[in-house]
Amino acid sequence: MSPAAAWRAIADTGRLMVGVPSYRTYAEHMATAHPGEPVMSEAAFFRNRQEARYGGRGGGKCC
């Protein structure tokens with residue numbers, strides 16, 4: 001594992017520990033599980049996750 005990949009893994013782990021999901025993981029999921037579907041922008045993804053976590057509309061899982 002390269003130092004950059006290791007740092008990304010550490011940063012992603014830290015974000016998940018405080019409840020901030022990974023946009024990169026979301027984009028990869030959409031590409032593999034839902035090809036051809038539109039992918040939210042990073043800003044829209046952040047708003048969607050905040051709404052889902054803090055009382056927004058319906059929970060927010062796609063699968």
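**A tour from helix α1 to an aromatic cluster**

Begin by selecting residues 3-17, helix α1: at 1.5 Å a residue its 15 residues should span 21 Å, and the end C-alpha atoms are 21 Å apart, which agrees; the expected span is 1.5 Å times one less than the number of residues, and helices are DSSP runs (H or I, at least four residues) numbered from the N terminus. The model is a predicted one, in which local features need pLDDT of at least 70 and side-chain atom pairs count only at pLDDT 80 or more, whereas totals for chains, interfaces and linings use all residues. Residues are numbered from 1 along each chain as its sequence is written, and side-chain values use heavy atoms, with hydrogens and water left out.

Next, select Gly 19, which follows α1 and has a positive phi, near 90 degrees.

Then turn to the rings, where a search of the whole structure finds three aromatic pairs (rings of Phe, Tyr and Trp, the last by its six-membered ring, with centres within 6.5 Å; planes under 30 degrees apart count as stacked, over 60 as edge-to-face and the rest as tilted). Select Tyr 23 and Phe 45, an edge-to-face pair with 5.5 Å from centre to centre and 65 degrees between the planes. Tyr 23 lies in helix α2 (residues 23-33) and Phe 45 in helix α3 (residues 42-53), so this pair ties together parts that are 22 residues apart in sequence.

Now add Tyr 26, whose ring centre is 4.8 Å from that of Phe 45, with the planes at 25 degrees, so the pair is stacked. Tyr 26 lies in α2 and Phe 45 in α3, so this pair ties together parts 19 residues apart in sequence.

Finally, colour by accessibility (buried means under 20% relative accessible area, exposed over 50%, partly exposed in between, with a 1.4 Å probe and protein chains only): Tyr 23, at 23%, counts as partly exposed, while Phe 45, at 7%, counts as buried, and Tyr 26 is buried too. Keep Tyr 23, Tyr 26 and Phe 45 selected together, since ring pairs link them into a cluster.

Note on methods:
Helices (H or I, at least four residues) and strands (E, at least two) are DSSP runs, numbered from the N terminus.
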